[in-house]
Amino acid sequence: MGFSSNYLRISVALLFVSVTLFTVGRNSKGERADAEQAHQFTYRGRDYPRAWPLPPLDPVHLSHEDSVHYSLETDIGVAEWNATLPSGGTVIHLGPDGRPFTVSMFHQLRCLDIIRDVIVDFYLDTSPDARPGKREIVQHCMNYLRQTVMCRGDLHIETVRAPSGPTVTVSAVTHSCKDWTVVYKAAEENYREFLEEAARRR
């Protein structure tokens, strides 16, 4: 009886501590977010927000498919890949001095295009000693994308056609995403304002 009573008290205490830590952690994150929103950033040194302070993005749905677009080597495909970046490329300019930053979404898309370009060059090179080029930047991009995928931790489940074989899953899954078109519009506006400010300073 004594052991059971002590075990119960310890269990209740651990549960209380766990709930308290969870609540404190959640509240502290919320407090940090509120404090960050209230803070007027100078965009100098380390005084800048962790994310581009756009209004909250609405949810949109994206159904994965094996698209006929974005082919690896055709002129149209290359143009479509180039169009995945806004006019200013991966860079936006923030703060009174127009400090440049890279947006993670654009960084990831740029990495995909770099890998695509290297794959095409490698397969078009018919020489016996052909080797993939841009090794360092490709290695960076592969690791960057790997870490990004792991960080997202997407738990959507995909149906399996067969327990083994070259094609085992069906990726036709509808995902709930953030409205990326808003990010593109904001990036274009940011680039336009940057060019106008640069012209005024000449």
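1. Start with the pair D113 and R110 in this predicted model. D113 forms a salt bridge with R110, and their closest N and O atoms are 3.7 Å apart. The two residues are separated by about one helical turn, because they sit 3 residues apart in helix 3. Have a look at how they differ in exposure: D113 counts as buried, at 7% relative accessibility, whereas R110 is partly exposed at 38%.

2. Next, follow the charges along the helix. D117 forms a salt bridge with R116, with 4.0 Å between the closest N and O atoms. Here the arginine is the buried partner, at 7% relative accessibility, while D117, at 23%, counts as partly exposed. Through shared partners, salt bridges join R110, D113, R116 and D117 into one network.

3. Now step back to helix 3 (104-124) itself. This helix has 21 residues and reaches 30 Å from its first C-alpha to its last, which is close to the 30 Å expected at 1.5 Å a residue. Its buried residues include the charged D113 and R116, along with F106, L109, I114 and V118. What covers the buried residues of helix 3? Helix 2 (75-82), helix 4 (135-152) and helix 5 are among the elements that do so.

4. Some of those buried residues belong to nonpolar cores. The largest core has 9 residues: Y43, I92, L94, F101, V103, F106, L109, V183 and A187. Strand 2 (91-94), helix 3 and helix 5 (180-200) each supply at least two residues of this core. A second, separate core has 8 residues, including I114, V118, C141 and Y144.

5. F106 is a good residue to click on. Which residues does F106 contact, leaving aside its neighbours within four places in sequence? They are T84, L85, P86, G89, T90, V183, Y184 and A187. Two of these contacts, V183 and A187, also appear with F106 in the largest nonpolar core.

6. Finally, compare a salt bridge that spans more of the sequence. D97 forms a salt bridge with R44, and the closest N and O atoms are 3.0 Å apart. D97 lies in the loop between strand 2 and strand 3 (99-102), and R44 in the loop between helix 1 (2-38) and strand 1 (59-63), so this pair ties together parts that are 53 residues apart in sequence. D97 is partly exposed, with 46% relative accessibility, and R44 is partly exposed too, at 47%. In total, the count comes to 8 salt bridges.

Key. Residues numbered from 1 in each chain as written. Predicted model: local features only at pLDDT ≥ 70, side-chain atom pairs only at ≥ 80, totals over all residues. Heavy atoms only, no water. Core = buried A, V, L, I, M, F, W, Y, C linked by side-chain atoms within 4.5 Å. Buried < 20%, exposed > 50% of the residue type's maximum accessible area, 1.4 Å probe, protein only. Helix = DSSP H or I, 4+ residues; strand = E, 2+ residues; numbered from the N terminus. Contact = heavy atoms within 4.5 Å. Expected span 1.5 Å × (residues − 1). Salt bridge = Lys/Arg side-chain N within 4 Å of Asp/Glu carboxyl O.
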